[in-house]
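Here are some worked exercises to try with the model open in your viewer. Have a go at each task before you read its solution.

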Amino acid sequence: MARPTRAPRGPEAPRFDDDLQDLALAAADLESGALLEHARIAGAELAGARARGVALSHVHLEDVDLSGAQVGGLALSDVAVDRGNLANVAAHDLSLRRVAVSGARLTGAQWTGGTIADTVFRDCRIDLATFSGTSFERVAFEGCLLAQADFRDALLRSVRFDRCDLTEADVAGVRIDRCELRGCTLDGLAGAERLRGAAMPWPDIVGHAGLFAAALGIRVLDDDEV
């Protein structure tokens with residue numbers, strides 16, 4: 001009898017119409033409760049915007065500056081984000097579904113207490129970001145810088161980290177199911193014992209033997225003790 005696979009389920013890609021309309025948007029136009037649909041927004045300067053409950057559906061964002069924005073309750077569905085600056089964006093209780101983020105900067109982003117599903121982060125800078133208490137389902141991080149990222153108490157279900165730098169990231173209290181890490185840097189990872197049940201290639205496991213030994217409380221014998 002074949003053993004059931006425990007591999008992560010891949011994320012669904014965003015679904016777009018062919019008739020996205022170009023939309024010019026300024027920070028003053030981003031009002032609480034706004035709904036933006038079927039639009040292409042390029043080069044918008046939205047730094048420091050403040051609004052709650054904003055929803056984007058079937059939207060393509062290109063080189064948008066949202067740095068320092070406070071957008072609690074942000075909801076994105078069928079959205080692509082190419083490049084752009086999302087550093088220090090505070091988006092508590094956010095909802096992402098079928099989202100692709102490529103080449104964007106999310107340094108210091110605070111995306112806490114929400115749900116991120118069917119989402120890909122590709123070649124993004126996400127260092128010093130906070131995702132504590134967030135639920136991730138069918139999410140892929142590919143070639144991302146996640147140094148000192150905070151995943152405390154997050155739920156990771158069908159999540160894949162591929163060639164990511166997780167140096168000094170914090171995964172304390174994380175719950176995982178069907179997660180994989182491939183070719184990742186884990187130096188100084190806090191809460192490494194919470195990776196129990198994750199899958200990694202054998203060379204990666206060997207390369208991180210010191211980290212896992214420390215997490216298990218195993219003392220390495222000195223040469224004179226052998």
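**Exercise 1.** Is D150 buried or exposed, and which residue does D150 meet in a salt bridge?

*Solution.* This is a predicted model, so take the values as computed ones. Start with the accessibility: D150 has a relative accessible area of 10%. The cut-off for buried is under 20%, so D150 counts as buried. Next, look for the partner: D150 forms a salt bridge with R152, and their closest N and O atoms are 2.8 Å apart. Finally, check that partner: R152 comes out at 39%, so R152 is partly exposed.

**Exercise 2.** Work out how E180 and R182 are linked, and classify the burial of E180 and of R182.

*Solution.* Step one is the contact: the two side chains meet in a salt bridge, 3.1 Å from N to O. Step two is the acid: E180 has 13% relative accessible area and is buried. Step three is the base: R182, at 39%, counts as partly exposed. While you're on salt bridges, find the network too: R97, D118, E137, R138, R157 and D177 are joined into one by bridges that share partners.

**Exercise 3.** Find the salt-bridge partner of R160, then explain why the pair ties together parts that are apart in sequence.

*Solution.* First, the partner is E142, with 3.2 Å between the closest N and O atoms. Second, place both residues: R160 sits in strand β8 (residues 155–162) and E142 in strand β7 (residues 135–142), so the salt bridge ties together parts that are 18 residues apart in sequence. Third, compare accessibility with the cut-offs: R160 has 23% and counts as partly exposed, while E142 has 13% and counts as buried. For the full tally, the structure has 19 salt bridges.

**Exercise 4.** How do β7 and β8 pair, and over how many bridges? Then do it again for β6 and β7.

*Solution.* Take β7 and β8 to begin with: they pair in the parallel sense over seven bridges. One example is S135, whose bridge partner in β8 is L155. Now go to the other pairing: β6 and β7 are also parallel, again over seven bridges. Here A117 stands opposite E137 in β7. To finish, check how covered β7 is: six of its eight residues are buried, so "mostly covered" fits. As a reminder while you look along a strand, side chains in a regular strand alternate between the two faces of the sheet.

**Exercise 5.** How many aromatic pairs does the whole structure hold, and what sort of pair do W111 and F121 form?

*Solution.* A search of the whole structure gives ten aromatic pairs. For W111 and F121, the centres are 6.4 Å apart and the planes make an angle of 50°. Edge-to-face needs over 60 degrees and stacked needs under 30, so this pair is tilted. Now place the rings: W111 lies in the loop between β5 (95–102) and β6 (115–122), and F121 in strand β6, so the pair ties together parts that are ten residues apart in sequence. W111 and F121 are both buried.

Then try F131 and F136: with 5.5 Å between centres and 75° between planes, they make an edge-to-face pair. Both of these residues, F131 and F136, are buried. Last step, join things up: W111, F121, F131, F136, F141, F151 and F161 form one aromatic cluster.

Notes. Residues numbered from 1 in each chain as written. Predicted model: local features only at pLDDT ≥ 70, side-chain atom pairs only at ≥ 80, totals over all residues. Heavy atoms only, no water. Phe/Tyr/Trp six-rings, centres within 6.5 Å; stacked < 30°, edge-to-face > 60°. Helix = DSSP H or I, 4+ residues; strand = E, 2+ residues; numbered from the N terminus. Buried < 20%, exposed > 50% of the residue type's maximum accessible area, 1.4 Å probe, protein only. Salt bridge = Lys/Arg side-chain N within 4 Å of Asp/Glu carboxyl O. Pairing = 2+ DSSP bridges.
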